[in-house]
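Hi,

Here is the structure I said I would pass on. Please load it first, then read my notes below.

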Amino acid sequence: MKGILLRVTLVGLLLTLAVSTADAQRRARRRPVAAAAAGPRYGPHIGYNFDVDELLLGAQLSWPITPQFDLYPTFDYYFVSGGTRWALNFDAKYRPPTRYGAWYVGGGLNYQHASAGGSDTNLNLLTGLEG
């Protein structure tokens, strides 16, 4: 009896998960990718800075101005030995018209501070995929 109850519960959970996932996929297909992101989005990111040859971990905010154009400020913390390095980036992203609208390009300004080397200001170029 216990085994049958466990199986029925498991099948019920799997059916619920499958139905809710299918409904969410149907809703996502009804509207374009850019329209789904009406408000600001934030989250973590990981990257690599080719100028200083260092891995970074950071936080980002993507604020849509139009369906194709976002303001994109970020904070980056670099994993360096013997000191600290962090950066503030003030970028903009543009999504060219593509089939899925997931690819973006952009650029902006970077302010970088290192405990050993002082501060520096640079230009950013960026590209990526988001869904």
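**The S3–S4 hairpin**

S3 and S4 make a hairpin, with 6 residues between the two strands. Gly82 sits in the turn and has a positive phi of about 80°. Bear in mind that this is a predicted model.

How many bridges join S3 to S4? The count is 10, and the strands run antiparallel. S4 covers residues 85–94. For a pair to click on, take Asp70: its bridge partner in S4 is Lys93.

**Either side of the hairpin**

On one side, S3 (residues 69–78) is joined to S2 (residues 54–64) by 7 bridges. That pair also runs antiparallel. Leu57 is a good place to look, as Tyr77 in S3 stands opposite Leu57.

On the other side, S4 is joined to S5, residues 103–114. This takes 10 bridges, again in an antiparallel arrangement. Here Leu88 has Tyr111 in S5 as its bridge partner.

**The whole sheet**

Now zoom out. The strands belong to an open sheet of 6, with antiparallel pairing. The order is S1-S2-S3-S4-S5-S6.

Which strands are at the edges? They are S1 (41–49) and S6 (118–129), and each pairs on one side only. From one strand to the next, the twist averages 25°.

If you want a route through the model, start at the turn with Gly82. Then go to Asp70 and Lys93 across S3 and S4. Finish with Leu88 and Tyr111, the bridge partners across S4 and S5.

Best wishes

Methods
Residues numbered from 1 in each chain as written. Predicted model: local features only at pLDDT ≥ 70, side-chain atom pairs only at ≥ 80, totals over all residues. Heavy atoms only, no water. Pairing = 2+ DSSP bridges. Helix = DSSP H or I, 4+ residues; strand = E, 2+ residues; numbered from the N terminus. Axes fitted to C-alpha atoms, helices over the stretch in contact; angles between N-to-C directions.
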